[in-house]
Amino acid sequence: MNTEACYCCRNGLHAFAESPMCEAQRCEGCGSLLTKFSSTADQKDPWEMGSVTPSFLEALKLRRAIQARQIVNHFGPQLRAGKALDYGCGQGAFVSYMRQCGIDAVACDISDTYLEGNLRDSFIELTGPWAVPDLSGINTICFLDVLEHSPDPGALIGQLHKAGVNGVLVKVPMLHGPIGRASQILARLGRPGLLYRLLLVDEISPHYSFFTSKGLTQLFASNGFRLADSVSLADVGSELPERLRGKEGEPSKGGKRAIFTAFGALLSLVSPIWSDTRVFLFQRQ
C-alpha cells in the first residue's frame with residue numbers, strides 16, 4: 001500500500017496498474033484512480049499533438065455542440081443566475097451556445113488557437129496552466145473535460161471557494177462508465193492498454209484523475225461545495241472512429257470502422273442510464 005492519501009477523500013491508495021510511463025493508484029475509500037506520470041509529451045500546445053487530426057477536431061466540435069445544448073437545458077437556471085466562466089474553453093462550443101441563449105458568459109484558456117473569432121472579444125488568456133483569473137462578478141465557473149487534467153484539483157477548487165464563486169459545473173469522464181469498467185477489467189487481466197489510452201498517457205495534458213461520483217463529490221465537499229444535481233450525457237456516438245486517439249490514428253475504412261461506429265452509437269443509446277461521462281453541479285455551502 002502506498003503511504004500517500006487520496007486527495008478526494010484522504011483514504012489510502014493501492015497500486016492498480018504500473019508501467020515505465022505511469023503509475024495508477026486506486027483509492028480504497030472512494031474508488032477513484034489517481035495517476036502519476038514519469039514524463040509527458042514535449043509539445044507545448046495540446047492541440048498540436050499528432051493524434052489531434054482535422055477529423056478528430058470536427059467530430060469533437062460536433063459532440064461538444066450537442067452536449068452544450070443538453071447542459072444548458074438541464075442547468076439553465078444556475079447558468080442564468082449570473083455571469084458564467086467557461087474555464088479551459090477549447091474550441092468554444094459551450095460558451096458560444098451559452099451566449100446564443102442570452103447567458104452572460106466569458107471564456108478562458110491558455111490559448112485561443114481554435115476559438116471562433118467572434119468569441120475572442122471577451123476571451124481571457126491564462127497566464128499559465130491552471131492559473132486562476134480574476135473571478136470578480138463570476139457566479140458559475142464551468143470545468144467541462146478539464147478537471148481530470150489537473151495534477152492538483154483540490155487546490156484549484158479551494159481557490160474558487162475563496163473567490164466567492166457560488167456554483168461549479170463539472171463534466172468529467174467516469175471510472176464506472178462502460179468503457180471505464182472495461183479498461184479496469186482488462187488491466188486486471190494484464191492488458192492495461194485501454195486504461196492507458198483513456199488516461200492519455202504520453203500526451204502533453206494527460207488525465208491525472210479518473211473519478212468516481214463518490215470521489216468527486218467528496219473532493220468538492222472538502223473544499224466548501226455541496227452536490228446539487230448531476231446528469232449523464234453521451235460523450236461519444238457514431239463518430240467514435242474519428243474520436244479515437246493513439247499512434248495508429250482512427251480506424252481505416254471497412255469492417256473495423258463499421259464496428260467502432262456501431263459501438264459508439266450503442267454507447268450513445270445507453271448513456272441516459274450508464275455513461276462514461278457525467279455533469280455535476282456543485283454549489284457553495
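# Briefing on a predicted model: helices, cores and loops

Helix α1 (residues 54-79) and helix α2 (residues 93-100) pack at an angle of about 50°, with their axes 8 Å apart. That angle makes α1 oblique to α2, because angles under 35 degrees count as roughly parallel, over 145 as roughly antiparallel, 65 to 115 as roughly perpendicular and the rest as oblique. The model is predicted, so local features need pLDDT of at least 70 and side-chain atom pairs count only at pLDDT 80 or more, while totals for chains, interfaces and linings use all residues. Residues are numbered from 1 along each chain as its sequence is written, and side-chain values use heavy atoms, with hydrogens and water left out.

**Terms for elements and axes**

- Helices (H or I, at least four residues) and strands (E, at least two) are DSSP runs, numbered from the N terminus.
- Axes are lines fitted to C-alpha atoms, for helices over the stretch in contact, and angles run from 0 to 180 degrees between N-to-C directions.

**The α1 and α2 pair**

- The crossing of α1 and α2 is right-handed (the near helix is turned clockwise from the far one by less than a right angle; anticlockwise would be left-handed).
- Residues of α1 that meet α2 include Lys 61, Arg 64, Ala 65 and Ala 68, and their partners in α2 are Ala 93, Phe 94, Tyr 97 and Met 98; contact means heavy atoms within 4.5 Å.
- The residues of this contact divide into nine nonpolar, no polar and three charged (Ala, Val, Leu, Ile, Met, Phe, Trp, Tyr, Cys and Pro count as nonpolar, Asp, Glu, Lys and Arg as charged, and the others, Gly among them, as polar).

**Nonpolar cores**

- The largest nonpolar core has 34 residues, and those with the most contacts inside it are Ile 141, Val 168, Leu 216 and Phe 220; such a core is a set of buried Ala, Val, Leu, Ile, Met, Phe, Trp, Tyr and Cys residues joined through side-chain atoms within 4.5 Å.
- Elements that give two or more residues to this core include β8 (138-144), α3 (153-162), β9 (167-173) and α6 (213-221).
- Leaving aside neighbours within four places in sequence, Phe 220 is in contact with Leu 147, Ile 157, Val 168, Val 170, Phe 225 and Phe 282.
- Another core, of 24 residues, lies apart from the largest one, and has Phe 75, Val 95, Phe 123 and Val 279 among its residues.

**Helices α3 and α4**

- In α3, the buried residues are Pro 153, Gly 154, Leu 156, Ile 157, Gly 158 and Leu 160 (buried means under 20% relative accessible area, exposed over 50%, partly exposed in between, with a 1.4 Å probe and protein chains only).
- These residues pack against β8, β9, β10 (209-210), α6, β11 (225-233) and β12.
- In α4 (residues 178-188), Pro 178, Gly 180, Ser 183, Gln 184 and Ala 187 are buried, and the buried residues of α4 pack against elements including β2 (12-18), β3 (22-27) and α8 (255-270).
- Positive phi values occur just after each helix: about 90° at Gly 164 after α3, and about 85° at Gly 190 after α4.

**Individual residues**

- Thr 277, in strand β12 (residues 277-284), is buried, with a relative accessible area of 1%.
- Cys 27 belongs to strand β3 and is buried at 2% relative accessible area; among its contacts are Cys 6 and Cys 9.
- Most residues other than glycine have a negative phi.
- Asp 145, in the loop between β8 and α3, nevertheless has a positive phi of about 60°.
- Leu 200, in the loop between α5 and β10, has a positive phi of about 55° and counts as buried at 13% relative accessibility.
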